[in-house]
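Open the model in your viewer and keep the selection box handy. Each stop below gives something to select and then tells you what is there.

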Amino acid sequence: MNADAVVLDVDGVLVDVADSYRRAIVDSVERVYDRTIRKADIQQFKDAGGFNNDWELTYAAALYVLATGEGYGTSIDDFTDEIAARGGGLEAAEDAIRDDLGARATQRVLERWDRERLRDGFQQLYLGADLYRGLEGGEPDIETRGFIHDEPILLEESTRDALVGDDALSVGVLTGRPEAEAEIALERVGLEDAIPPEHRFTMDDWEEGKPHPRALTTLAERFDADRVVFVGDTLDDVRTANNAREADPEREYHGVGVLTGGLTGEEGRRKYEAEDASAVLESINALPDLLES
């Protein structure tokens with residue numbers, strides 16, 4: 001692929017978050033409302049687009065759970081399809097509920113929809129009591145170890161060395177994680193020193209989120225790169241690269257999907273290809289061979 005810069009997502013690419021972030025989505029909704037969605041349903045929200053921020057995905061899942069209690073009979077498949085048709089994201093989820101339920105039922109749903117409590121519960125479950133005290137600055141309701149400690153490393157040492165050991169290749173990170181949580185993951189995989197802060201974009205650095213191209217094109221400018229590969233685990237990651245190509249036609253952008261996140265197997269490969277992914281890899285560890293081919 002002959003790239004001179006590689007930008008990496010974190011979740012599902014460098015570390016496995018199936019039993020951390022995704023578990024926190026499911027469990028935080030259940031903790032607040034005693035009902036929740038299935039972990040498998042999370043990928044349908046991701047595929048719909050606009051849910052790079054897992055807090056907002058949690059809010060959308062809770063909104064669906066509350067709406068079903070008010071007679072919303074749409075399946076979660078159709079709900080997420082409707083979100084996608086409306087452009088993706090939390091606002092589209094709200095509009096879909098409002099248009100179906102009507103004003104009074106929607107108002108009852110919104111009165112019970114406690115995003116602050118959902119976020120706080122999410123952070124307690126994900127970070128655990130000790131990290132929650134340090135990063136959130138509050139006293140947790142529950143003493144828990146935290147799902148963050150249940151994130152297997154996907155990036156092999158040999159792959160890391162191949163990516164950051166060559167001075168001719170620039171490497172950056174573009175993630176929906178908050179900055180502090182991104183730093184924890186980068187330290188665990190051994191990239192905290194190899195990727196300086198100016199070569200990272202986290203939730204704290206931009207408002208738009210994926211698939212908006214600004215973060216990726218900004219990194220390309222900072223690298224002074226002509227050919228950029230962005231590796232992610234969702235369709236929005238591929239869309240980000242494709243949008244960057246339209247926004248910055250003077251450079252080449254390639255969106256590469258990995259099958260170690262929510263998109264797996266042949267179905268995952270087909271979804272990536274339908275979004276015009278430049279390549280689909282079994283894992284991040286196949287990237288060096290792709291770059292050399």
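Select valine 231 and valine 256 first. In this predicted model, valine 231 stands opposite valine 256 in S5. Now look at the other flank of valine 231: leucine 8 stands opposite it. Step along to glycine 232. Its opposite number in S5 is glycine 257.

**Strand S4 and its two partners**

Widen the selection to S4, residues 227-232. Is this strand largely enclosed or open? Five of its six residues are buried, so S4 is largely enclosed by the rest of the structure.

Add strand S1, residues 5-8. Four bridges join S1 to S4, and the two run parallel. Then add strand S5, residues 252-258. Here six bridges make the connection to S4, again with parallel strands.

Next, show helix H11, residues 235-247. Together, S4, H11 and S5 make a β-α-β unit. Which hand does the unit have? It is right-handed.

**The whole sheet**

Colour the strands and hide the rest. Six of them form an open sheet, in the order S3-S2-S1-S4-S5-S6. The pairing is parallel. Which strands stand at the edges? They are S3 (200-201) and S6 (279-281). Each has a single partner strand, so one side of each is left without a neighbour in the sheet.

Stay with the sheet and pick leucine 174. This residue is found in strand S2, residues 170-174. Leucine 174 has 0% relative accessibility, so it counts as buried, the cut-off being under 20%. Draw a distance from its C-alpha to that of glutamate 207. The two residues are 33 apart along the chain, and the atoms are separated by 13 Å.

**The cavity**

Switch on a surface or cavity display. How many cavities of 30 Å³ or more does a search of the whole structure find? The search finds one. About 260 Å³ of space lies in the largest cavity. Its lining has 23 residues, and the closest to the centre are Asp11, Lys46, Phe51, Asn52 and Asp54. Select those five and centre the view on them.

Now colour the lining by residue type. The lining divides into seven nonpolar, five polar and 11 charged residues. Which helices each supply at least two residues of this lining? They are H1 (21-33), H3 (54-68) and H11. You have already met H11, in the unit with S4 and S5.

Colour by domain as well. Domain 1 covers 5-16 + 152-292, and domain 2 covers 18-148. Each domain gives at least three residues to the lining of the largest cavity.

**A buried helix residue**

Move to helix H5, residues 90-101, and select alanine 93 in it. Buried or exposed? At 0% relative accessibility, alanine 93 is buried. Take tryptophan 113 as a second point. The C-alpha atoms of alanine 93 and tryptophan 113 are 13 Å apart, with the two positions 20 residues apart in sequence numbering.

**Loops and backbone angles**

Finish with the loops. Go to aspartate 34, between H1 and helix H2 (42-48). Check phi there: the angle is near 65 degrees, a positive value in a residue other than glycine. Aspartate 34 is exposed, with a relative accessible area of 64%.

Jump to aspartate 276, in the loop between helix H12 (265-274) and S6. Phi is positive here too, at about 65 degrees, although the residue is not a glycine. With a relative accessible area of 56%, aspartate 276 is exposed.

Then select lysine 210 and proline 211. Is the peptide bond between them cis or trans? The bond is cis, with omega near 10 degrees. Proline 211 lies in the loop between S3 and H10.

Last stop: aspartate 224. Find this residue in the loop between helix H10 (214-223) and S4. Aspartate 224 is exposed, at 61% relative accessible area. Draw one more C-alpha distance, from aspartate 224 to serine 170. The pair is 54 residues apart in sequence and 9.4 Å apart in space. From aspartate 224, the loop leads to S4, the strand where the tour began with valine 231.

Notes:
Residues are numbered from 1 along each chain as its sequence is written. This is a predicted model: local features need pLDDT of at least 70, side-chain atom pairs count only at pLDDT 80 or more; totals for chains, interfaces and linings use all residues. Side-chain values use heavy atoms; hydrogens and water are left out. Buried means under 20% relative accessible area, exposed over 50%, partly exposed in between (1.4 Å probe, protein chains only). Two strands pair if DSSP finds at least two bridges between them. A crossover is right-handed if, with the strands pointing away from the viewer, the path from the first strand over the helix to the second runs clockwise. On a 1 Å grid over the protein atoms alone, a cavity is a set of points where a 1.4 Å probe fits but cannot get out, and a pocket is an open set with protein on both sides within 12 Å along at least five of seven lines; lining residues have an atom within 4 Å of a point. Grid points are joined across faces, edges and corners, and a volume is the space filled by probe spheres set on the points. Ala, Val, Leu, Ile, Met, Phe, Trp, Tyr, Cys and Pro count as nonpolar, Asp, Glu, Lys and Arg as charged, and the others, Gly among them, as polar. Domain bounds come from an automatic or database domain assignment.
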